[in-house]
Amino acid sequence: MDTGTLFRLDGRVALVTGGSRGIGKMIAVGFIQQGATVYISSRKAPACEETAAELGPNCIALPADVSTVDGCRALAAALAEREQKLDILVNNAGAAWGVPFEEFPESGWDKVMDLNVKSPFFLTQALHGLLKAAGSPTRPAKVINITSIDGQRLNPWETYSYQASKAGLIYLTKRMAARLVRDHVNVTSIAPGAFASEMNKAARDHGEAIAQSIPAKRIGVDEDMAGAAIYLASRAGDYVIGETITVDGGLVHAALGTSIDA
């Protein structure tokens, strides 16, 4: 048994959507520190380029809008021009929408469902050839969907499409895993709790107050997210298939009647 390189990603190529900030950036940094070459994609090209410059030569900006199927296919084509295989895909790009039930608009439903559920499926489909080229019986390729604890339990806010989308993506992870494992591509998901990000402004701006409702008494830090992603992406996670790892300080599985937005 060799555990010395168990979590290393040397020579691996990764693509992280929504990788210019927040959870996507945390994961990108972790992958780079473990030796991977990481392509980061986001809709805003300047933010993508700025983050790539910050993270160094092993981080490459590949701006794209994955909110449509055409956008997913365009991103896959752009990556195929640069790489012959893709070892790790992190479907992290996402959106949220919170409006009272009586006023909740179709636009808020469609935007969230398209980006949070439809796009991970069609981007993975578009990258299927590159993922298959990377995977082998002894070293599978990896797809990691970023879901949420809001797909596992209710939050106090009226985020109807967001909660439905994340619950759907958790189950879609299982369905995709059942099919892609035959191609030596493992599909899993990470369900984050409270991490400071643009999407979770409560954790970003009121972290100390939010922490009081979390069993671990703190919000998540960069290493918490990077560690879970590195585990799934590396050889350490090669036997984990279809699973959702909850990274939330115990809120879902160890809380006594508490609730918090994620």
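Trainee: In this predicted model, which strand does K142 lie in?
Mentor: Good place to start! Look for the stretch that runs over residues 141-146. K142 falls within that stretch, and its name is strand β5.

Trainee: Is K142 buried or exposed?
Mentor: Let's check its relative accessibility, which is 1%. Buried means under 20% relative accessible area. K142 is therefore counted as buried.

Trainee: Which residue has its backbone oxygen 2.9 Å from a polar atom of the side chain of K142?
Mentor: Begin with the contacts of K142, leaving aside neighbours within four places in sequence: they include D87, N186, L232, A233, S234 and D238. One of these residues places its backbone oxygen 2.9 Å from a polar atom of the K142 side chain. That residue is S234.

Trainee: Which residues form a nonpolar patch on the surface?
Mentor: One member lies in the loop between β4 (88-91) and α4 (106-126), and that is F101. Because its relative accessibility is 58%, F101 counts as exposed. The patch has about 330 Å² of accessible area together, and its members are F101, W109 and Y160.

Trainee: How far apart are the end C-alpha atoms of helix α3?
Mentor: Helix α3 covers residues 69-80, which makes 12 residues. At 1.5 Å a residue, it should span 16 Å. The distance in the model agrees with that expectation, at 17 Å.

Trainee: Which elements do the buried residues of α3 pack against?
Mentor: First find the buried residues themselves: V69, G71, C72, L75, A76, A78 and L79. An α-helix has 3.6 residues a turn, so residues three or four places apart point the same way. Following the contacts of the buried α3 residues leads you to β1 (13-17), β2 (37-41), α4 and α5 (128-134).

Trainee: What is the phi of H184?
Mentor: You will find H184 in the loop between α6 (160-180) and β6 (185-192). H184 is partly exposed, because its relative accessibility is 30%. Most residues other than glycine have a negative phi. H184 is not a glycine, yet its phi is positive, at about 60°.

Trainee: And where does K217 lie?
Mentor: K217 also has a positive phi, about 65°, although it is not a glycine. With 48% relative accessibility, K217 counts as partly exposed. Its place is the loop between α8 (207-211) and α9 (222-233).

Trainee: Which residue forms a salt bridge with R8?
Mentor: Side chains of opposite charge can pair when their charged atoms come close. For R8, the closest N and O atoms of the pair are 2.7 Å apart. R8 is partly exposed at 28% relative accessibility, and its partner is partly exposed at 47%. That partner is D10.

Trainee: Is D183 buried or exposed?
Mentor: D183 meets R179 in a salt bridge, at 2.8 Å from N to O. R179 counts as partly exposed, because its relative accessibility is 31%. D183 has a relative accessible area of 14%, so it is buried.

Trainee: Which residues do salt bridges that share partners join into one network?
Mentor: Let's warm up with a pair: D224 forms a salt bridge with R218, with the closest N and O atoms 2.7 Å apart. Salt bridges can also share partners, and here they link three residues into one network: R12, K85 and D87.

Trainee: Finally, how many salt bridges does the count come to?
Mentor: To be counted, a side-chain nitrogen of Lys or Arg must be within 4 Å of a carboxyl oxygen of Asp or Glu. The pair R8 and D10 is one example. By this rule the total is 9.

How values were computed
Residues are numbered from 1 along each chain as its sequence is written. This is a predicted model: local features need pLDDT of at least 70, side-chain atom pairs count only at pLDDT 80 or more; totals for chains, interfaces and linings use all residues. Side-chain values use heavy atoms; hydrogens and water are left out. Helices (H or I, at least four residues) and strands (E, at least two) are DSSP runs, numbered from the N terminus. Buried means under 20% relative accessible area, exposed over 50%, partly exposed in between (1.4 Å probe, protein chains only). A polar contact is a pair of N or O atoms within 3.5 Å; within protein, one must be able to donate a hydrogen and the other to accept it, and residues adjacent in sequence count only if both atoms are side-chain atoms. Contact means heavy atoms within 4.5 Å. Patches are made of residues with over 30% relative accessible area and no salt bridge: like charges are joined within 9 Å, nonpolar side chains (Val, Leu, Ile, Met, Phe, Trp, Tyr) within 5 Å. Accessible areas come from the Shrake-Rupley method with a 1.4 Å probe; for residues, only the protein chains shown count as cover. The expected span of a helix is 1.5 Å times one less than its number of residues.
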